[in-house]
Amino acid sequence: MTEKTALVPATHTAPPAKFSHGVKKGNILQVAGQVGFLPAVEGQPPTPAGPTLREQTLQTFANVKAILEEGGASWDDVMMMRVYLTDVDHFAEMNEIYNAYFEEQDLKAPASARTTVYVGLPKGLLIEIDALAVLS
Amino acid sequence: MTEKTALVPATHTAPPAKFSHGVKKGNILQVAGQVGFLPAVEGQPPTPAGPTLREQTLQTFANVKAILEEGGASWDDVMMMRVYLTDVDHFAEMNEIYNAYFEEQDLKAPASARTTVYVGLPKGLLIEIDALAVLS
Amino acid sequence: MTEKTALVPATHTAPPAKFSHGVKKGNILQVAGQVGFLPAVEGQPPTPAGPTLREQTLQTFANVKAILEEGGASWDDVMMMRVYLTDVDHFAEMNEIYNAYFEEQDLKAPASARTTVYVGLPKGLLIEIDALAVLS
């Protein structure tokens with residue numbers, strides 16, 4: 001139960017440094033900051049799903065979800081999501097995408113907590129999300 | 001013990017999206033990013049306690065505390081607070097308010113850890129705080 | 001096991017407010033945001049290890065590690081590191097320093113998860129890091 005394991009979905013691009021996309025130890029699962037990169041293509045650099053907030057947000061959700069599932073968890077186990085946006089003017093649109101996405105996920109447990117703040121991100125990226133989950 | 005429950009103080013304004021102000025699962029309690037909104041008034045949009053850092057910080061503390069208490073926790077259970085300010089020049093004043101507030105709370109356990117960084121927040125908001133607690 | 005204790009390395013500078021550099025409760029250990037301050041010298045204000053990203057990053061790692069060890073933990077127990085930089089152009093260099101440092105640490109467990117975002121920090125500081133650990 002207290003072994004620490006790395007959660008590395010096969011489709012994810014390699015992290016830009018020596019960190020894990022996700023780790024799990026006991027009942028705690030931590031997802032590293034995910035962005036809207038498409039599944040890795042060998043020999044190609046990481047590529048965002050598109051230039052729009054919608055494309056990047058949905059791909060970021062998919063990337064977070066893949067890590068949760070790699071650790072035997074689901075959105076229902078998520079306690080906290082941290083959403084990093086680059087522009088305050090994106091808040092309303094992100095919330096629309098967020099609400100529609102989680103509506104479709106058919107959650108059984110209450111929605112997770114969330115903090116949204118506005119920071120700098122690498123050029124071309126509009127959103128980053130990380131997540132803390134507690135497994136049942 | 002491992003059921004995930006939402007912590008929704010009756011007085012809180014509705015979140016701007018499908019997330020919970022707080023969640024608790026097992027002994028882990030996560031408080032979502034809180035700002036200085038006054039208790040909700042039906043039919044009115046969320047309203048900050050005032051334009052000053054002091055007013056907003058004290059209201060933010062009250063909002064975090066209400067969620068902790070909704071989950072059967074207190075400041076003594078808080079492990080980590082993340083304080084988001086919009087202006088480095090607010091650091092000294094925030095620390096004064098912070099110290100005076102926690103002096104009054106008469107904590108029995110050691111003070112929590114904290115990280116303070118400077119980010120963008122929605123117009124009119126000067127501070128946001130979230131918190132992670134571990135219950136005894 | 002569920003007592004909350006403060007983790008205060010003897011060499012650390014005093015926090016600028018009523019918070020703890022680290023806390024531990026049960027198997028959860030939280031390290032507060034650390035910066036590149038040198039060990040405290042009585043009667044002197046906190047002083048960064050130097051003006052460069054390299055100097056500050058390595059000192060920040062040392063400061064995080066001291067808190068982990070104060071709580072009987074090590075880098076192997078860290079689940080999540082949050083890295084706050086002030087400049088997107090520092091990302092590549094920080095990753096080089098990061099990788100070289102953790103190469104030397106001879107970790108037994110998988111690398112922790114990580115989120116890196118770009119925020120404001122107090123004048124002269126280029127990096128801040130906090131960490132969440134789960135003990136075995």
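This is a short talk on how the chains of this structure meet.

Okay, housekeeping before anything else. What we have is a predicted model, so local features need pLDDT of at least 70 and side-chain atom pairs count only at pLDDT 80 or more, while totals for chains, interfaces and linings use all residues. Residues are numbered from 1 along each chain as its sequence is written, chains are lettered from A and ligands numbered from 1 in the order in which they are written, and side-chain values use heavy atoms, with hydrogens and water left out.

Let's start with symmetry. A turn of 120° with a shift of 0.0 Å along the axis lays chain A on chain B, at an RMSD of 0.0 Å; the superposition is by least squares on the C-alpha atoms of residues with pLDDT of at least 70 in both copies. The two copies are thus related as by a three-fold rotation axis. And which residue of chain A comes closest to that axis? That's Val119(A), with its C-alpha at 3.3 Å.

Now, the A–B interface. Here 30 residues of chain A touch 26 residues of chain B, where contact means heavy atoms within 4.5 Å. Only 13% of the interface residues of chain A are also interface residues in chain B, so the copies meet through different surfaces.

How much area do chain A and chain B bury between them? About 2200 Å², with 63% of it on carbon and sulfur atoms; that is accessible area (1.4 Å probe) lost on putting the two parts together, summed over both.

On to the polar side. There are 2 salt bridges between chain A and chain B, meaning a side-chain nitrogen of Lys or Arg within 4 Å of a carboxyl oxygen of Asp or Glu. One to look at is Asp77(A) with Lys25(B), with the closest N and O atoms 2.8 Å apart. As for where chain A's side comes from, strand E4 (78–85), helix H2 (91–105), strand E5 (113–118) and strand E6 (127–134) of chain A give two or more residues each. Those elements are DSSP runs numbered from the N terminus: helices are H or I, at least four residues, and strands are E, at least two.

Finally, swing round to chain C and chain A. This contact takes 30 residues from chain C and 26 residues from chain A, and the buried area is about 2200 Å², 63% of it from carbon and sulfur atoms. The count is 2 salt bridges here, and Asp77(C) meets Lys25(A) in a salt bridge at 2.8 Å, N to O.
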